[in-house]
Amino acid sequence: MGYDCIVVGAGTGGTTAARTLALKGYKVLIIDRKKKEVVGDKVCGDAIGKHYFDTLNKLIGLRYPTKDECEANIDGIDVISPDKETILKIQGEGIKGYMINRLKFGQRLLNATIDTGVEFLDNTSVISPVYEGEYVAGVLTRSLESGEKKEIRGKVIIDASGVNAVIRRKLRNSSVERTVQNEDVIVCFREIRDLNHEIEDPNFCKIYLTQSISPGGYVWVFPESITRVNVGLGVQNIPNNPHPRKQLYAYVLQDALFEESTIVHKGGGFVPTRRPIWSQVTNGLLIVGDAACQVNPIHGGGIGPSMMGGYLAATNVDRALEKGDLSERGLWEYNIDYMKEYGAKQAGLDIFRLFLQHTPDDELNYGMKHRLLKEEDILSASLGEDLVLNLTEKVKRLFSGIGKLGLINRLRKISSKMKEIKGLFQNYPSPEKLEAWKTEVESIYTETFEILK
């Protein structure tokens with residue numbers, strides 16, 4: 001039962017990786033704990049940027065969402081201040097996207113992957129990696145129907161098992177982080193609701209910044225049709241923070257928008273919102289998607305990054321198999337490719353996440369009201385460019401006049417740290433220089449926390 005590659009997890013990252021390898025002629029197996037007919041049914045914000053499809057359509061022929069899958073077209077995002085008095089309307093080519101039916105999209109990805117010749121083993125959990133010497137050479141599985149355990153071997157393994165990271169957590173003697181700190185995780189709860197009236201602007205997602213209601217996270221209302229929304233709330237997963245469901249019902253669903261609305265679907269989950277893990281490879285293994293923390297740290301979007309991670313992992317597996325080198329060094333190029341293309345942006349946004357989590361609502365209200373950051377600058381920063389501040393003399397006088405000049409100074413320093421950390425990730429090191437590089441990254445985080453005190 002040997003395979004060229006075993007992919008653990010049939011989500012967006014896993015199916016993209018498996019399909020990419022199968023198109024190159026490799027023998028691939030995907031394993032998922034869900035039954036085939038419910039693969040893709042996941043609690044999610046359901047939004048994905050159009051630019052991911054623009055890229056993957058050219059690379060592997062990934063079609064744009066079909067009419068059946070696409071719940072709504074998104075033209076932009078309204079970012080709303082804690083007091084709801086200021087709305088920053090973020091729009092442009094880089095922000096356009098889709099609200100998708102997660103189950104239908106997941107089913108399409110899975111079936112398209114199977115159609116390329118990939119074998120699929122469903123209703124099966126992966127218990128642990130199987131080692132040969134210092135190499136991950138397979139997985140130990142258990143059938144959820146019969147309870148039978150079985151070892152399945154592969155030349156290389158891809159862990160795309162989501163936030164549970166079932167392989168990553170049980171690695172040994174590796175530079176890969178096995179655990180993610182609770183403060184870098186958001187716990188979410190969301191409901192899809194049918195409204196009794198039409199939405200005012202069905203092509204704009206709404207994000208509400210409010211530390212008092214969603215500490216460490218935010219509230220979202222994403223349209224899925226003119227009368228249906230995905231509404232949810234996330235909080236930082238630390239002690240004493242309130243449960244997101246409780247907050248959603250106490251502060252969000254009381255709004256007139258949801259009067260006489262009905263629940264279509266509900267559920268919760270965890271999202272790692274931080275920079276990617278230090279290294280996404282070890283001997284015989286690559287890590288993709290939420291398992292590698294390939295998630296936008298600001299809004300928690302992970303569908304697009306996971307698909308790009310899956311594609312980049314697969315292309316590096318292809319090169320490594322051709323060379324016959326599946327060691328950490330032989331797979332290392334995946335780290336470099338991902339960090340340069342996406343990881344650098346995520347690392348910069350991770351610093352900005354910390355700024356938002358440490359800024360009280362009254363300061364966010366004032367900063368947004370007086371456009372300390374303008375809409376076009378937020379859009380640029382979200383796409384990975386440097387954070388530009390609106391520091392005209394008028395703005396400086398306003399902030400100085402009421403004693404909030406400290407907010408400007410903190411944000412200026414945070415902007416500098418964002419630039420520094422992006423530079424480090426864009427120049428991701430070789431394996432032997434990883435520890436020195438990590439020290440540099442950690443020093444930026446230390447300095448960031450000093451700024452935010």
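**Cores, a bent helix and two sets of strands**

Me: Which residues have the most contacts inside the largest nonpolar core?
Reply: Bear in mind that this is a predicted model. Its largest nonpolar core has 101 residues. Those with the most contacts inside that core are Ile158 and Leu286.

Me: And which helix gives the most to this core?
Reply: The top contributor covers residues 333–357. With 11 residues in the core, that is helix 7.

Me: How many residues are in the second, separate core?
Reply: This one includes Tyr131, Ile152, Ile167 and Leu171. It is separate from the big one, and its count is 23 residues.

Me: Back to Leu286: leaving aside neighbours within four places in sequence, which tyrosine is it in contact with?
Reply: Set those neighbours aside and Leu286 still touches a run of residues including Val156, Ile157, Ile158 and Asp159. Its other contacts include Gln280, Val281, Ala313, Val317 and Leu331. The tyrosine in the list is Tyr334.

Me: How far apart are the end C-alpha atoms of helix 7?
Reply: Helix 7 has 25 residues, and at 1.5 Å a residue it should span 36 Å. The distance in the model agrees with that: 33 Å.

Me: Where does helix 7 bend?
Reply: Helix 7 is mostly covered, with 20 of its 25 residues buried. Along the way its axis turns by about 55 degrees. The residue at the bend is Met339.

Me: Is strand 12 largely enclosed or largely open?
Reply: Strand 12 covers residues 185–194, which is 10 residues. Of these, 9 are buried, so as far as the rest of the structure goes, strand 12 is largely enclosed.

Me: Which residue of strand 16 stands opposite Ile192?
Reply: Strand 12 pairs with strand 16 (residues 262–272) in the antiparallel sense, over 10 bridges. Across from Ile192 in strand 16 sits His265.

Me: What stands opposite Phe189 in strand 15?
Reply: Strand 12 also runs antiparallel to strand 15 (residues 228–236), joined by 9 bridges. In strand 15, the residue facing Phe189 is Leu233.

Me: Which are the edge strands of the open sheet with the order 3-7-4?
Reply: That sheet has 3 strands with antiparallel pairing, and its twist averages 25 degrees from one strand to the next. An edge strand here pairs on one side only. That picks out strand 3 (47–49) and strand 4 (70–74).

Me: And which residue of strand 7 stands opposite Asn73?
Reply: Strand 4 and strand 7 (residues 97–100) run antiparallel and are joined by 4 bridges. Opposite Asn73, in strand 7, you'll find Tyr98.

Note on methods. Residues are numbered from 1 along each chain as its sequence is written. This is a predicted model: local features need pLDDT of at least 70, side-chain atom pairs count only at pLDDT 80 or more; totals for chains, interfaces and linings use all residues. Side-chain values use heavy atoms; hydrogens and water are left out. A nonpolar core is a set of buried Ala, Val, Leu, Ile, Met, Phe, Trp, Tyr and Cys residues joined through side-chain atoms within 4.5 Å. Buried means under 20% relative accessible area, exposed over 50%, partly exposed in between (1.4 Å probe, protein chains only). Helices (H or I, at least four residues) and strands (E, at least two) are DSSP runs, numbered from the N terminus. Contact means heavy atoms within 4.5 Å. The expected span of a helix is 1.5 Å times one less than its number of residues. The bend at a residue is the angle between axes fitted to the seven residues ending there and the seven starting there. Two strands pair if DSSP finds at least two bridges between them. Axes are lines fitted to C-alpha atoms, for helices over the stretch in contact, and angles run from 0 to 180 degrees between N-to-C directions.
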